[in-house]
Every structure is written in C-alpha cells, then in structure tokens.
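Grab a pencil and work through these exercises with the structure open beside you. Try each task yourself before reading its solution.

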Protein chains: 4
Amino acid sequence: MGKILVLFDSQSQSTRKIAALVAQGAAAVEGMEVRLKGIDEARSEDLAWCDGIAVGSPTHMGGMSWKMKQFWDGQTDLWGKIDGKIGCAFSSSGGWGGGNELVCLSILITLINFGFLVFGVTDYVGKQFTLHYGAVQAGEPRTETEQASPMRLGKRLAQWVAVQVDGRKDLAPGPMESRA
Amino acid sequence: MGKILVLFDSQSQSTRKIAALVAQGAAAVEGMEVRLKGIDEARSEDLAWCDGIAVGSPTHMGGMSWKMKQFWDGQTDLWGKIDGKIGCAFSSSGGWGGGNELVCLSILITLINFGFLVFGVTDYVGKQFTLHYGAVQAGEPRTETEQASPMRLGKRLAQWVAVQVDGRKDLAPGPMESRA
Amino acid sequence: MGKILVLFDSQSQSTRKIAALVAQGAAAVEGMEVRLKGIDEARSEDLAWCDGIAVGSPTHMGGMSWKMKQFWDGQTDLWGKIDGKIGCAFSSSGGWGGGNELVCLSILITLINFGFLVFGVTDYVGKQFTLHYGAVQAGEPRTETEQASPMRLGKRLAQWVAVQVDGRKDLAPGPMESRA
Amino acid sequence: MGKILVLFDSQSQSTRKIAALVAQGAAAVEGMEVRLKGIDEARSEDLAWCDGIAVGSPTHMGGMSWKMKQFWDGQTDLWGKIDGKIGCAFSSSGGWGGGNELVCLSILITLINFGFLVFGVTDYVGKQFTLHYGAVQAGEPRTETEQASPMRLGKRLAQWVAVQVDGRKDLAPGPMESRA
C-alpha cells in the first residue's frame, strides 16, 4: 500500500479544484491510499505518514502562499527524519506568464530541502500543454486537457511511489511512446 | 538616445518572431535606437553598445539554449565593466507548463550575474495573459494578445531605459490603472 | 534625495546584523535617507515611500521566511502602482550550501513580480567572497570580508538609486578595476 | 547492481576534483558500478546506462557551462524514454555568493525536465557546511569538511539507487541523528 498526501492552499478555489484532480489521478493507481488536505487542516502527522506528496499553492507574488510556507517552516521537528519521500508540485496563477512555473519551483526547492526526491512529468497531455515541473494552470481547469494535467501528475506520483517504495516495477510508466 | 539590443536564439523560428515584436515595441518609444540580432551574428560590441537588452531563447531542457549560454560564457572580457544596463527576457516553449518561465529565469540570472538591473512586467495584456518574468509563449505568437506580450516587453524596456538612463521621467509607465 | 528601505526578518539575529550593515553601506552614499525596518514594524507606507529596497530573510527551508512572504502577499493594494523601484536581497543560512543564494533568488523573484528592477553585485569583497545575487552569509558576519559584503550591497543599492532615480551619473560605480 | 554516472565539466580542475570525490562516495556503497566521465568523453550511452547520475559544472555566469548544456540539449533521442532515474548536482564557483547553488538549481531543473527524480542532502558534513541542493564549493575542496561534502553526495545517490532501484531498503539512510 502506497500512501499519498495531496496538500494544498487555495484562495479562489482554483487550486482546490486542481488538488482534487491530482488526488483522483493518484487514486487510480492500484493500492494507493490518498489523503486530500487543505492547508488549514493539514498536520505534521500527515506529512510523516505519506510516502509521496503533491503540494499545491496559488501563485502569489512569484512564490507559494505564505500560509503554505508557514506550514513547512513549522516542520522543524520532522526535518532531517523524513528524507526520501517522493514529491511534486502544482499551482494556479491569474494568467499565463504569471509565475505558476516559478511557484512549482519554489515548492520543489522546499521539498528538496526536506531531503525528498522531486520530479516533473515529461508527457504532453494535449496540444501545447505539459507539466514538466508540475501541473500549472491559469485560473481553474476547465477543458479536458487542463483537467488531464493534474490527473497525470497524481498518477505519476502514485506510479513512482509504487515502483520505488513498494518495488512494483510493473507499475512503472513506460517510454513516452507507450504512455497514453 | 537610448540604445536597445534584442538578442535571440531560435530554432523553430518562434523565438525569432517574438524577438521581432520585442524590437517593434522598443522602437515605438521615442528616441530609441534598436538592434535586432540573432545569436550567430551577435558580437561583444553589441553588448557593450546597448543601454538595455532583451534576451530570448527557445525553451530547451529547462534552460536557455547552449548557443545562447555560449555567447554569455564568452563575454569574460566585458564582465565587471558593463554593470548597470537594464535587462529582460523572453522565451517560447513547446507547450504551457514546459518551462518558458524557467528559461526567462535562467536568462535573468545570467543578466544579474553581469551586474544588470532586470525586470518583468506587471501588466496583463489580455485575458489570463501576462509577462511578469518576461514574455512567454507556447509555440509562436498568433493571437493579438500573444503578440501584445512581447511588444509590451520591448516598450517597457525602452521606457526604463528612457527614464533611468536618459532621465526622461515623463516617459515612465504610470500606475497600472492608467496603462492601456 | 534618494530613499532606501532595508526590510528584514530575523530569528537568530544574524539577518538583523546583516541588515544593519546594508543600511550602513547605503547611508555612506551622499544624499540618502535610510529606513531600517524589521518585519513586525514594517508598513505598506514604507514600501510606497522608498526608491530602493534591500530585503533580507533567514534561509528557511529554501525560501524566504513565511513572515516575510506574508508581508509581500499583503501588498495587493500597492501592486501594479509602484513599478520601477530598485531592489536587492540578502540572506543568512545555517551553513554554506544551505540555500542562502536560493533565498536571495526567491526574494528577487517577488521583487520582480512587483515590477521592480533587481540587481546583484559583481564585485569580490575578499578572497573567494562575492555577492552576485545578493549578500549571503553562513551564520552571522564576523570577519572584515563578511561585513564588507552587506555594506557593499547597501552602497551599490544607493548608487543605483542616485544614478537612476536622481540622475547623479557621477555616483555610478566605475568598471570593476576601479572599484575598491 | 546499481549503476552510477558522475558527469562533469571542468575548466580550472576544481569541478574535476569534486567529481572524483562524488565517484568515491558512490563506490563506497556495496554493489555500485561507477563511471566518471568528463563532458568531452561522455556519450548518450552513458546516460542511457545509468540508474543514478550526479552532474557537475563550474559556475559560469550563474548557470551550468555551455558545454554541459550542449550535452543535454543534444539528448533529444533519449528524452521521454529514460524517466525515473535519480539525479543530483554539484558545482564549484570562484567565491561564496558567486552562484554555485544557482548552478546546482539549473542542473536539477534540466534533470527534472528529463523526468528524473532529483534530490539534495539534509546532512551537515561539518561546521556551517551542508549540501542541501547539491555539493557546492568555492574553488577546489581542500579541508576535510570540503571533501566530505561531495563524498556524502555520491554516497547518498548510491543509497537512493540501492533503495529505490534495487529494493535494498536496508541501505536507506536513517534519520539524521543516526547518520555519521
């Protein structure tokens, strides 16, 4: 059994909708237990519990929201004791070019700081739409392609957890030409 | 007279098209002399000459292209002698979420390394479309909004050059509500 | 008269000491008015007031502290109305390799988000010691070189404000060989 | 058997020395096969071959060297087919504050682009010396602490390869208090 935490902050509800899709994508991989937690209800125990984590924040002034940062700044008791988890990021911005990739980067840097192994996804999920450094969105995800992106992120997270934590090498994503 | 260099690398011609729009935007500010140079024809003299620079690269593996990096790595003779120029960035990627913001960041970091003052643009140029860290695009710019983004970047570059190099404070962009 | 704000958060007092040195460096340039403000006493008015700003934070989990981020996330009323100020960054980490450059980067990204022009310093202030992306330190600044770094940052900030805001081109830093 | 590639570019030989220490650290974990390759002799086959990779570059103008970037830009045939490898970074700069962390970041971003899982190391290897985003150095590693940093990076890379590729969970690093 792999354990996945989807942790998010959301103000306009766009990031909340993305988070739900990430969780849905993760749950589609067999044997995964998924917790979906908003920043106000997340606890240190959730972080200690999980094998893999997807962290999402609105794009606020080029970085993750202060509330999300406050959560991580507060985990000094766990720091140095939970290395090796698998992590990824997602973010919604007011517009394209508004910093959603940079927010994913700020999240990945914090996860790296905790000793986690972080990743992005090479797959394109639609025309001119990918998630190389995490799932990004301007506003909320409306089209099929926009919804496929966070679902793919959650699925890939669950796949890496299955392969690398549980040794289920049969669940590894194949080379790109065989991923659909 | 302000001097603007628009320096770009391009493989698919998308970044070349964006570069031309940046140059057009810069030239629209009175008193600007603009040079548009592809990476193969750019020289150290162009860099020494300019007051302001916009640097564009395709999004290759999350960073600027190796040819663009080679140009900057080769400017060791100028390094430390040309501080204080004004710089900005632009990039085209294969898709949204593909790293175009990160490439702008890699360019800005290199410009900061040279002692330049770098900026992005707060303005939205259309619905859910901005250029906070430089002008970004998936593929080539087709719509009016997509073309407005690099033009705005070039214009803002020229405005900052006018204000801060030439003391033309009357050319400063006003607060956002008065920018059109 | 140029107006300089040195804004900092500090937990261990290391960043506070660096901030005081930045302020000292800025005040050494003629005609500068300098405000030194801890995060708990800083107000939106300070941000609106200044021509140039140096922002410092301890290195917390690879990014600026949540309290510093909270300050910037709270400036939505000013956002889009104060473009064109000049900004720079400083940070103290627990150790070298611990993320102080990345925290400077996270600060610069936020300042860029506000439309500011940001810079680093090409100068070396001692053997193997520079501040290309802002003044960085492991712990507090003790040696002469370690103290020279934030002072140089403050001085350079004041120089750029003098040159670019006040048109005092005589105060521009010369090429590196003539900087002492 | 885990397969580790240590890939580096070096101009002043500092990064070469760090690379040798990374390789030494990796080889100390049982069952690891290690290849140490300079950028001029590295081939696509090396990249396809490895389970884990450490990539090192001198700090050139805030990013990895153009020759290192050229190598990665040239791997378009492998891109999308080698996801899931484990990666990390190292860099030597002319001075502290000179960008070595940012170069590690530029390397990590490129490795993430390829679908790799990247990591840093939480451990402190000496007083005020760590490698949270990769092993960094000003100049060449001389002191015991400075040499411990790249060795720890190589060891951790080999440990993650052992645990996550080979299922050797007994080789996982324990919580920080038990790491020496």
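**Exercise 1: a strand in chain C**

C:Ser93 has C:Ala138 as its bridge partner in β8(C). Before going on, know that this is a predicted model, in which local features need pLDDT of at least 70, side-chain atom pairs count only at pLDDT 80 or more, and totals for chains, interfaces and linings use all residues. Residues are numbered from 1 along each chain as its sequence is written, while chains are lettered from A and ligands numbered from 1 in the order in which they are written.

Task: find in which sense β4 and β8 of chain C pair, and check whether the faces of β8(C) are covered or open.

Solution. Start with the strands, which are DSSP runs of E with at least two residues, numbered from the N terminus (helices are runs of H or I with at least four). β4 covers residues 86-93 of chain C, and its pairing with β8(C) is parallel, over four bridges. To count as a pair, two strands need at least two bridges found by DSSP. Next, look at the two sides of β8(C), residues 135-138: C:Ala135 and C:Gln137 lie on one, C:Val136 and C:Ala138 on the other, and all of them are buried. Buried means 20 or more other C-beta atoms within 10 Å of a residue's own, exposed means 12 or fewer, and partly exposed is in between, with C-beta atoms placed from the backbone. Both faces are covered, then.

**Exercise 2: an unusual phi**

Task: work out where B:Gln128 sits and what is odd about its phi.

Solution. Begin with the background: most residues other than glycine have a negative phi. B:Gln128 is not a glycine, yet its phi is positive, about 50 degrees. Now place B:Gln128: the loop between β6 (121-126) and β7 (129-131) of chain B holds it. Finally, count neighbours: 15 other C-beta atoms lie within 10 Å, so B:Gln128 is partly exposed. Chain C offers a check, as C:Gln128 also has a positive phi of about 50 degrees.

**Exercise 3: a helix and its contact**

Task: decide how enclosed α3(D) is, and what it packs against.

Solution. First, count: seven of the eight residues of α3(D) are buried, so the rest of the structure largely encloses this helix. Among the buried ones are D:Trp66, D:Met68, D:Phe71 and D:Trp72. Then look around them: the buried residues pack against α3 (66-73) of chain B, along with β3 (52-58) and α4 of chain D.

Now step back to the contact of chains D and B, which takes 17 residues from each. Residues are in contact here if their C-beta atoms, placed from the backbone, lie within 7 Å. On the chain D side, α3 (66-73) and α4 (100-113) are the elements that give two or more residues. The biggest giver is α4(D), with six residues.

**Exercise 4: how two copies relate**

Task: which rotation superposes chain A on chain B?

Solution. Copies are superposed by least squares on the C-alpha atoms of residues with pLDDT of at least 70 in both, pLDDT being the predictor's confidence in each residue, from 0 to 100. The rotation is 180 degrees, with 0.0 Å of shift along its axis and an RMSD of 0.0 Å. That makes the relation one of a two-fold axis. To locate the axis, go to A:Glu101: in chain A, its C-alpha is the nearest, 3.1 Å away. Last, how far can you trust this? Chain A averages a pLDDT of 96, with 99% of the residues scoring at least 70, and the complex gets an ipTM of 0.98 and a pTM of 0.98 from the predictor.

Key
Two residues are in contact if their C-beta atoms, placed from the backbone, lie within 7 Å.
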